[in-house]
Amino acid sequence: MSLLLLLSLPVFSAASPLPLAFHQAAKQHGVPEPLLLALSYEASRWRPDAASAWGGYGLFDLREEGSPGLEMASMAAGLSPDAVMASPELQVQAAAALLASHARRLNAGQAPPVDDLLAWWDATRAFSGSHDPTLQDRYAESLYATLNFGVPVDPESGLSIAAQPVDSWDRVPEAPPTACDYSGCNSFTAASSSNYTNQSRTAADITHVVVHTVQGSYSGCISWFQNSSASVSAHYVVRSSDGQVTQMVHEEDKAWHVGTENPYTVGIEHEGYVDDPGRWYTEAMYQASAMLTADIADRNGIPISRTYIVGHVELPNQTHTDPGSGWDWDHYMDLVNSFSSGGSAAGNIIGVVADGDIYSGARLPGAFVWVEQTGETGATASDGYYRFYDLALGSYTVHACMDGFAEGTCSKDIGTGDNWCSIALEPGDGSCSFGSTDPGDDTGEPVDTGQTDGDDGGDGADGEEPEPTPQPDDSSFRPNPPGLPPGNRVAVGETGGCTQASPRRAADGARAAALGRGPGPAAPRGLSVRPGAAAGAARRPRGPQISMKACRLSAQGVWRSLRMAFSSIWRMRSRVRLKRVPISSRL
């Protein structure tokens, strides 16, 4: 678009013609006027001159390439693309015609009644231009939330939305647990692999958090990062209206957001425009972004300081000006400080133990697991998960074994929060290397194997797949479960004593049931139990029990822990901690 055309666009005052334009377009094309207003509000906050980073323009972010498409909207309205680009009123006409065409296409050629807003849900999803059903739902969800809460009068455009009681909440499927690095994110939506570098960065490599402004809408930014021709990405995107967070690149990978400074940074994009902070930089976004930044800093040991939490414009070799002078740095840093834990030096290891493959294999309840460096022991719960909590930051190897399977391991450099480390077990014979062989005591407890499985499920090496995401049916999975979860230390004296093993037949049946190969009895509960849990007598009338083999393994764990402690101290003598380099020394 030429500079002359941009300069010729009108500036609207309180006497703006836009309210009449929306009213007439909605009536002419038979679409709900509140929904048409919400579409424009989401795209541009009703700015006729908005120009997004991905080439969208005007009230509805219409694009020459991509969706919602300028050409498709113009054709639907019987107008030329040049005329639509030059006139805000014609932009409204084109968007109304495009929405109506989607509605007819999805409703057997007949548009729904204009007073039935919920009947326009599918047409709204289609207007998003996304081919991803999840993103379509999130787009529609955001628009219908705008309809429900309404928007006060915008003094510049004269537009507003009266609150509409639309019960649309059951239209959006419950979001499954995510594979995000940040537990507060709404979902992980992967950027195109053409737009970032697959790496294995650790906390020592990540020294700065970078604040960006999208120069466009939340949904538009997510779609752009998924476009393989964009050659740009960021780790996170934050929505203006409510602070919703989407992660698009894992922190260990290098997003393409600050050119030469990508290797040591994590980037956060914020919906909106640099020159319009009053419309876009909401308190909800400040709060959500500050919580995210505090979490990134705590997990990676980044100081809560303006030296290390910076704007795009503040890094070397940059041409951008975001987040601009309208970003309230004092308020933002106060929020980050209030949300920071001060760099807690503890983290959790969580994972699944599965048959053959950590993604598609049947999960294995009752598998015995232990941490090599600490000697802590536990067992997988009924959902196949194990959990070890409050481990000092560092490198750990988790072992797992089970009757009928070879031993498997995974290794992980952990930061604060949850760290995934899942293990695949292959069929095999032998006994667990953690304890002695005891072929006469076969209860379904783990047995020794002399073999290590090569699938460590998360040691961060290049080319490895990400950790598996818990599925929606994992109702027992909680990032921070109440009480003492499986995987914590349990003294043998607190478990109610040792019992003789159950027959081999019961163990084989439990394993068959866990693998989905036969009915069998209920899978055994985890070995690591809550002290004094006799209240659960309905399931275990005699209180928590642990097998003779587990008792022996726990006793041997004491000696193993001592050996590992001395070994760790010796290794630490030669370990050199990397020193973080402030920005000033990079100039």
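**Exercise 1.** How many bridges join strand 6 to strand 9, and in which direction do the two run?

*Solution.* The model is predicted, so local features need pLDDT of at least 70 and side-chain atom pairs count only at pLDDT 80 or more, whereas totals for chains, interfaces and linings use all residues. Residues are numbered from 1 along each chain as its sequence is written, and side-chain values use heavy atoms, with hydrogens and water left out. Strands (E, at least two residues) and helices (H or I, at least four) are DSSP runs numbered from the N terminus, and two strands pair if DSSP finds at least two bridges between them. Strand 6 (residues 236-238) and strand 9 (residues 265-270) are joined by three bridges and run parallel. Within this pair, Tyr236 stands opposite Ile268 of strand 9.

**Exercise 2.** Place the strands in their sheet and find its edges.

*Solution.* The six strands form an open sheet in the order 3-7-6-9-5-10, and the pairing is mixed. Strand 3 (187-188) and strand 10 (309-311) each have a single partner strand, so one side of each is left without a neighbour in the sheet.

**Exercise 3.** Which strands does helix 9 touch?

*Solution.* Helix 9 (residues 218-225) packs on the sheet and touches strand 6, strand 7 (245-247) and strand 9, where contact means heavy atoms within 4.5 Å. The direction of helix 9 makes about 165° with that of strand 6; axes are lines fitted to C-alpha atoms, for helices over the stretch in contact, and angles run from 0 to 180 degrees between N-to-C directions. Helix 12 (residues 329-339) lies across strand 5 (208-213) and strand 10, at about 150° to strand 10.
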